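Here is a protein chain to look through together. Keep the sequence and the 3D view side by side while you read.

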Amino acid sequence: MCYTLYRKIVAGRDRKDTNLEIENRTKWHPAFCNIIELELMENAEGLTYDSEHNLSREPLKIDLLVIKKKQNEVIKNEIGKIFLGHNIMEYKSPDDSMNIDTFYKVLSYACLYKADTGAVDEILDTDITISLIRERKPIKLLKQLKEKYRVEQEGKGIYRVYGMLFPMQIIVTRELERSQHIWLKSLTLNMDITQAEELLESYDRLKEEDFRIKAGVVVNLVSDINNEVFEEIVNGGERMSEALKRMVMPEYGELKDLVADKDAEIADKDAEIADKDAEIADNKKEIADKDAEIAENKKEIAELKRRLEKMSAVIE
């Protein structure tokens with residue numbers, strides 16, 4: 001789960017840019033928060049996702065995910081190896097920048113998170129971590145950090161920053177192993193057909209309804225953004241289940257339902273015509289039977305008349 005906190009817009013800031021920023025956060029961040037839960041689903045029982053935490057009395061306009069970990073929980077996913085009791089994650093969408101100011105803003109958010117509690121030192125500074133996540137590698141930022149701190153790459157796409165107030169990592173999703181991070185790597189504007197098929201297969205394998213709902217939000221977003229790729233899969237993907245086709249392309253389901261309704265309507269009409277034909281056939285048979293009965297009656301009457309005439313001739 002993710003929470004968004006607001007502050008007043010700085011005077012003079014371009015309103016159009018602000019609206020685009022709000023739209024961007026609205027589109028990407030809910031999916032990101034669901035993705036983190038999917039990435040860490042093996043530790044679902046030991047983690048809680050804070051969506052109601054305010055950093056200060058005056059709301060700040062930020063998007064953060066705060067994950068709280070139980071003391072003895074061992075995180076299996078490599079992006080969570082750094083985790084302590086309180087873990088602050090900042091996600092930047094493919095269109096967002098990640099620079100030195102981003103770095104220090106998130107550091108300040110962590111300080112506020114630690115300080116703005118009900119009691120002094122309620123949250124220890126030794127129990128907080130920070131994670132910055134973006135698809136593209138922030139080359140300039142990493143270069144600047146290396147001038148002041150120790151930066152080491154610990155696994156593909158994971159860069160640890162040592163010497164800060166809090167343990168910190170920068171995660172470059174483009175560099176992560178797709179086999180291990182299919183969900184996190186799905187937040188992209190350039191998904192290829194293989195990656196899309198693997199994402200859909202991962203969704204199909206999910207058993208728990210809660211995770212399927214979260215994954216559905218992600219698939220809906222990325223299929224909308226990478227529409228041509230998913231349309232190609234739907235049109236040519238015989239392996240896709242009916243449910244997946246309907247989820248990825250709602251218009252496919254609507255069209256198929258419309259065709260099914262029309263087929264059902266035509267079938268009803270055909271059945272109605274068949275009933276009428278059967279009724280007409282029954283009526284014709286009934287008429288034929290009546291005609292045969294009349295013919296038989298006429299024959300009997302003729303026979304009776306003949307006998308009557310014969311008897312009359314004898315009497316005379």
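What follows is a walk from the core of the chain to its charges and a few of its loops.

A quick word on ground rules. This is a predicted model, where local features need pLDDT of at least 70, side-chain atom pairs count only at pLDDT 80 or more, and totals for chains, interfaces and linings use all residues. Residues are numbered from 1 along each chain as its sequence is written, and side-chain values use heavy atoms, with hydrogens and water left out.

**The core**

Let's start inside. In soluble globular proteins, nonpolar side chains tend to be buried together. Here, the largest nonpolar core has 41 residues. A nonpolar core is a set of buried Ala, Val, Leu, Ile, Met, Phe, Trp, Tyr and Cys residues joined through side-chain atoms within 4.5 Å. "Buried" means under 20% relative accessible area, "exposed" means over 50%, and "partly exposed" is in between (1.4 Å probe, protein chains only).

Which residues have the most contacts inside this core? They are Phe32, Ile36, Leu40, Ile67 and Trp183. The elements giving two or more residues to the core are the helices and strands α1 (15-39), β2 (47-50), β3 (62-69), β4 (86-92), α4 (193-205), α5 (209-225) and α6 (227-236). Of these, α1 supplies the largest share, with seven residues. The element names come from DSSP runs, numbered from the N terminus: helices are H or I runs of at least four residues, and strands are E runs of at least two.

**Charges that pair up**

Side chains of opposite charge can pair when their charged atoms come close. A salt bridge is counted when a side-chain nitrogen of Lys or Arg is within 4 Å of a carboxyl oxygen of Asp or Glu. By that rule, the model has ten salt bridges. Three of them are shown in this table.

| Pair | Closest N and O atoms |
|---|---|
| Lys92 and Glu90 | 3.4 Å |
| Arg178 and Asp192 | 3.8 Å |
| Lys285 and Asp289 | 3.4 Å |

Are Lys92 and Glu90 buried or exposed? Both are buried.

Now for the Arg178 and Asp192 pair. Both residues sit in the loop between β8 (168-172) and α4, 14 residues apart, and the pair links distant parts of the chain. Arg178 has a relative accessible area of 24%, so it is partly exposed. Asp192 is partly exposed too, because its relative accessibility is 37%. These two residues also belong to a network of salt bridges together with Glu198.

The Lys285 and Asp289 pair is a helix affair: both residues lie in α8, four residues apart, which is about one turn of the helix. Lys285 is exposed, because its relative accessible area is 52%. Asp289 comes in at 42%, so it counts as partly exposed.

**A negative patch**

What gathers in a patch of negative charge on the surface? The members are Glu265, Asp268, Asp270, Glu272, Asp275, Asp277, Glu279, Asp282 and Glu286. Patches are made of residues with over 30% relative accessible area and no salt bridge, with like charges joined within 9 Å and nonpolar side chains (Val, Leu, Ile, Met, Phe, Trp, Tyr) within 5 Å. Take Glu286 from the patch: this residue is found in helix α8 (residues 250-315). Its relative accessibility is 47%, so Glu286 is partly exposed.

**Some spots along the loops and strands**

Have a look at Glu78, in the loop between β3 and β4. Glu78 has 22% relative accessibility and therefore counts as partly exposed. Its C-alpha atom is 9.6 Å from that of Glu39, though the two residues are 39 apart along the chain. Glu154 is 76 residues from Glu78 along the chain, with 9.4 Å between their C-alpha atoms. Where is Glu154? It lies in the loop between β6 (150-153) and β7 (158-162).

Met41 is found in the loop between α1 and β2. Its C-alpha atom is 9.0 Å from that of Asn77, and the two are 36 residues apart in sequence.

Over in strand β7 you'll find Ile158. At 3% relative accessibility, Ile158 is buried, because the cut-off puts it there. Between Ile158 and Gln169 there are 6.7 Å from C-alpha to C-alpha, with the pair eleven residues apart in sequence.

Finally, Asp121 has a positive phi of about 55 degrees although it is not a glycine. You can find Asp121 in the loop between α2 (100-115) and β5 (128-134).

Methods
Areas by Shrake-Rupley, 256 points an atom, 1.4 Å probe, with all protein chains shown as cover. Lys, Arg positive; Asp, Glu negative; His and termini not counted. Charge placed at Lys NZ, Arg CZ, Asp CG, Glu CD.
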